[in-house]
Amino acid sequence: MTETLEGLRIGYCITGSFCTFSKSFETLSQLISTKAWVVPIMSFNAASIDTRFGKAADNINYLEYLTNRKVIKTIEDAEPIGPKNLFDIIVVAPCTANTLAKLSVGITDTPVTMAVKSHLRNNKPVLIAVSTNDALGAAAKNIGTLQNYKNYYFVPYTQDDYINKPKSIVARFELIPQAIVDAMNGVQAQPVLYKRKTD
């Protein structure tokens, strides 16, 4: 039974919900402080698009600085994850609606989707931290599908702005460490639908 993150081998995937990168990086830093072994993995968009939230090259450099490991950012570099049994768990934080949709139907055309597919061949857990403006719209069916798939677990999530973005959902990134422990023990972190911090 897993009780601590120390020594855990984590594949930490980042997809293109750029507005949550700062939360994701903070969580990654916390995981490293627990003495977990963490390797960063980025989708094509996350690794190549400059936005008002930061430049792609700067993000890559920062991730490599934090982890002291090269970012996996190609499909060919992600493919050996399963055959080499590299990780105990894969975390996708943030996970966009685009990635959710691909995972729900088995599309493998980015480093992150390949990492997840390759990892799942070993019957090991994947933890999803949703971040999308249409989680309660077009993406809802894919969230529901993945929540019913074996080896998929979700970080508890909440509506981040129900007045201005009523279909938007964002994972509670601060709950990722405990959600990892839960997923390693085959348990879905609860409650999945989390109250807003202002409640």
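**Figure 1. What packs over the buried side of α1.** The cover over the buried residues of α1 includes β1 (9-14), β2 (37-42), α2 (44-48), α3 (56-67), β3 (89-95) and α8 (176-184). The model is predicted: local features need pLDDT of at least 70, side-chain atom pairs count only at pLDDT 80 or more, and totals for chains, interfaces and linings use all residues. Residues are numbered from 1 along each chain as its sequence is written, and side-chain values use heavy atoms, with hydrogens and water left out. Helices (H or I, at least four residues) and strands (E, at least two) are DSSP runs, numbered from the N terminus. Contact means heavy atoms within 4.5 Å.

**Figure 2. The two faces of helix α1.** Helix α1 covers residues 21-33, 13 residues in total. From first C-alpha to last it reaches 18 Å, close to the 18 Å expected at 1.5 Å a residue. The expected span is 1.5 Å times one less than the number of residues. F21, S24, F25, T27, L28 and L31 are the buried residues of α1. Viewed down the axis of α1, these buried residues fall within an arc of 160°, so they line one face of the helix. The arc is that of the directions from the helix axis to the C-beta atoms. Buried means under 20% relative accessible area, exposed over 50%, partly exposed in between (1.4 Å probe, protein chains only). The face of α1 turned away from the buried side carries exposed S22, E26 and S33. Just after α1, K35 adopts a positive phi of about 75°.

**Figure 3. Helix α8 and its surroundings.** Of the 9 residues of α8, 7 are buried, so this helix is largely enclosed by the rest of the structure. The buried residues are I176, P177, A179, I180, V181, D182 and A183. Their cover includes β1, α1, β3, β4 (126-132) and β5 (152-154). G186 follows α8 and has a positive phi, near 75°.

**Figure 4. Two buried residues of helix α6, A115 and H119.** A115 lies in α6, residues 111-120. Its relative accessibility is 0%, so A115 counts as buried. Leaving aside residues up to four places away in sequence, A115 touches C13, I41, A78, I81 and I90. K102 sits 13 residues from A115 in sequence and 13 Å away in space, C-alpha to C-alpha. H119 is also found in α6. H119 counts as buried because its relative accessibility is 1%. With the sequence neighbours up to four places away again left out, H119 touches I81, G82, F87, D88, I89, I90, K124, P125 and V126.

**Figure 5. The loop between α4 and β3, at N85 and L86.** N85 has a phi near 50°, positive in a residue other than glycine. N85 is partly exposed, with a relative accessible area of 32%. L86 is partly exposed too, at 27%. L86 touches R9, W37, P80 and I81, not counting residues up to four places away in sequence. R9 and L86 are 77 residues apart along the chain, yet their C-alpha atoms are separated by 7.2 Å.

**Figure 6. Backbone details at P94, N151 and P191.** Most residues other than glycine have a negative phi, and most peptide bonds are trans. The A93 to P94 peptide bond is cis, with omega near 5°. P94 belongs to strand β3. The bond from Q190 to P191 is also cis, with omega near -10°. P191 is in the segment after α8. N151 is not a glycine but takes a positive phi of about 75°. N151 sits in the loop between α7 (140-147) and β5. This residue is buried, with a relative accessible area of 13%.

**Figure 7. The second largest pocket and its lining.** The pocket holds about 190 Å³ of space. Of its 14 lining residues, C19, S131, D160, K165 and V170 are the closest to its centre. By class, the lining has 2 nonpolar, 8 polar and 4 charged residues. On a 1 Å grid over the protein atoms alone, a pocket is an open set of points where a 1.4 Å probe fits, with protein on both sides within 12 Å along at least five of seven lines; lining residues have an atom within 4 Å of a point. Grid points are joined across faces, edges and corners, and a volume is the space filled by probe spheres set on the points. Ala, Val, Leu, Ile, Met, Phe, Trp, Tyr, Cys and Pro count as nonpolar, Asp, Glu, Lys and Arg as charged, and the others, Gly among them, as polar.
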